[in-house]
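Please keep the viewer open beside this text and make each selection as it is named. The tour begins at a single side chain and moves outward from there.

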Amino acid sequence: MSFFVLGFKDLLLNLEYPQATTTLEKAVNHHCKEDLEHWQLFLEDLETMNVGQSAWGTKTTTALRQIWSNDNWRVRQATYKLMSLTFQKTSPGVKLLMIECLELAFAVFIEAVRSSDSHSPEALKYFGDHHFFEEASHAQGSWIDETHQLDLNELELSEEESKVAAMIVLEVFEWFHLMFTSWYKQRAIFTTPSPVVPKESAAAQPKEI
């Protein structure tokens with residue numbers, strides 16, 4: 001999952017507005033800023049769990065081969081596809097909805113690993129309580145800045161924006177499903193015995209954008 005977690009920073013940077021002026025643009029930037037450095041928490045947890053040596057050994061080339069292996073193709077593909085969504089010329093409202101979907105999908109993952117990891121939730125930052133409660137606070141609403149909250153129920157989109165938003169929502173959750181399935185399959189690297197792997201249904205295949 002390293003490829004996605006580290007790539008997520010670039011995804012957020014691509015969503016940001018260099019000079020936010022409107023309320024929605026400021027809300028987009030605030031969301032991006034909140035999650036921009038979470039990849040560093042991920043690296044700290046890898047060290048805490050000693051994942052480097054237990055899963056990849058001591059060679060950098062071993063880790064790189066694993067990240068770019070065929071087994072990890074779905075993770076890389078999902079990252080590329082999600083990144084491609086950020087390059088679309090969309091309104092601030094649609095961007096905000098996309099960020100909400102990204103956060104919601106990933107919050108499900110964080111909640112699952114928080115309760116299943118052998119380390120205590122307090123010992124880990126990315127996979128533990130620290131990240132979990134941050135995501136939970138995000139789920140309470142979209143913020144324009146540290147003190148002003150935006151009510152998404154009042155968000156008005158044009159008919160065309162609504163169509164684009166609906167497509168993005170579908171794409172985000174479909175690609176997260178495929179990526180989560182890939183991560184689940186590779187639990188065997190860290191756990192023994194290997195878990196039962198859910199089958200990837202044809203219905204889960206994403207539509208081309």
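Begin by selecting Glu25, which is found in helix H2, residues 23-35; bear in mind throughout that this is a predicted model. Is Glu25 buried or exposed? With a relative accessible area of 14%, Glu25 is buried, because buried here means under 20% relative accessible area. Now display what surrounds this residue: leaving aside residues up to four places away in sequence, Glu25 touches Tyr17, Gln19, Ala20 and Pro92. Of these, Pro92 deserves a distance label, since Glu25 and Pro92 are 67 residues apart in sequence, yet their C-alpha atoms are 5.6 Å apart in space. While Tyr17 is still on the screen, add Lys95, which lies over the face of the Tyr17 ring at 4.2 Å from the ring centre.

Next, keep H2 in view and select helix H1, residues 2-15. Two packed helices are described by the angle between their axes and the distance between the axes. For H1 and H2 the angle is about 160° and the axes are 9 Å apart, and the two helices are therefore roughly antiparallel to each other. Their crossing is left-handed. To see the side chains at this meeting, select Phe8, Leu12 and Leu15 in H1, which meet Val28, Cys32 and Asp35 in H2.

Stay with H1, but replace H2 by helix H3, residues 38-48. The axes of H1 and H3 come within 8 Å and cross at roughly 150°, which makes H1 roughly antiparallel to H3. On the H1 side of this meeting are Ser2, Val5, Leu6 and Lys9, and on the H3 side are Trp39, Phe42 and Leu43.

From H3, move along the chain to Met49, found in the loop between H3 and helix H4, residues 51-56. Met49 counts as buried, at 18% relative accessibility. If Leu124 is selected as well, the C-alpha to C-alpha distance to Met49 is 8.6 Å, although the two residues are 75 apart in sequence.

Now return to Phe42 and turn to the aromatic rings, of which a search of the whole structure finds 17 pairs. A pair of aromatic rings is described by the distance of the centres and the angle of the planes. Select Tyr126 together with Phe42: the pair is edge-to-face, with 5.4 Å from centre to centre and 70° between the planes. Which parts of the chain does this pair tie together? Phe42 lies in H3, whereas Tyr126 lies in the loop between helix H7 (92-116) and helix H8 (129-138), so the pair ties together parts that are 84 residues apart in sequence. Both Phe42 and Tyr126 are buried. Widening the selection brings in one aromatic cluster formed by Phe4, Phe8, Phe42, Phe106, Phe109, Tyr126, Phe127, Phe176, Phe180 and Trp183.

Two members of that cluster, Phe176 and Trp183, lead to the next stop, since they are also among the residues of helix H9 in contact with helix H6. Select H6 (residues 73-86) and H9 (residues 159-185), whose axes come within 8 Å and cross at roughly 160°. That makes H6 roughly antiparallel to H9, and H6 passes H9 in a left-handed crossing. From H6 the contact is made by Arg74, Val75, Gln77, Ala78, Thr79, Lys81, Leu82 and Leu85, while the H9 residues include Met167, Ile168, Glu171, Val172, Trp175 and Leu178.

Another H9 residue in this contact is Met179, which is the last side chain to select. Met179 is buried, with a relative accessible area of 0%. Beyond residues up to four places away in sequence, Met179 touches Phe4, Val75, Ala78 and Thr79. Adding Met1 to the selection shows a separation of 8.6 Å between C-alpha atoms, for residues that are 178 apart along the chain.

Finally, clear the selections and view the whole chain. The protein has 9 helices and 2 strands, and from the N terminus on its elements run α-α-α-α-α-α-α-α-β-β-α. Of the 209 residues, 43% count as buried. Among contacts between residues at least 6 apart in sequence, 75% join residues at least 24 apart.

Definitions and conventions
Residues are numbered from 1 along each chain as its sequence is written. This is a predicted model: local features need pLDDT of at least 70, side-chain atom pairs count only at pLDDT 80 or more; totals for chains, interfaces and linings use all residues. Side-chain values use heavy atoms; hydrogens and water are left out. Rings of Phe, Tyr and Trp (its six-membered ring) pair if their centres lie within 6.5 Å; planes under 30 degrees apart count as stacked, over 60 as edge-to-face and the rest as tilted. Helices (H or I, at least four residues) and strands (E, at least two) are DSSP runs, numbered from the N terminus. Buried means under 20% relative accessible area, exposed over 50%, partly exposed in between (1.4 Å probe, protein chains only). A charge sits over a ring if NZ of Lys or CZ of Arg is within 6 Å of the ring centre and within 35 degrees of the ring normal. Axes are lines fitted to C-alpha atoms, for helices over the stretch in contact, and angles run from 0 to 180 degrees between N-to-C directions. Angles under 35 degrees count as roughly parallel, over 145 as roughly antiparallel, 65 to 115 as roughly perpendicular and the rest as oblique. A crossing is left-handed if the near helix is turned anticlockwise from the far one by less than a right angle, and right-handed if clockwise. Contact means heavy atoms within 4.5 Å.
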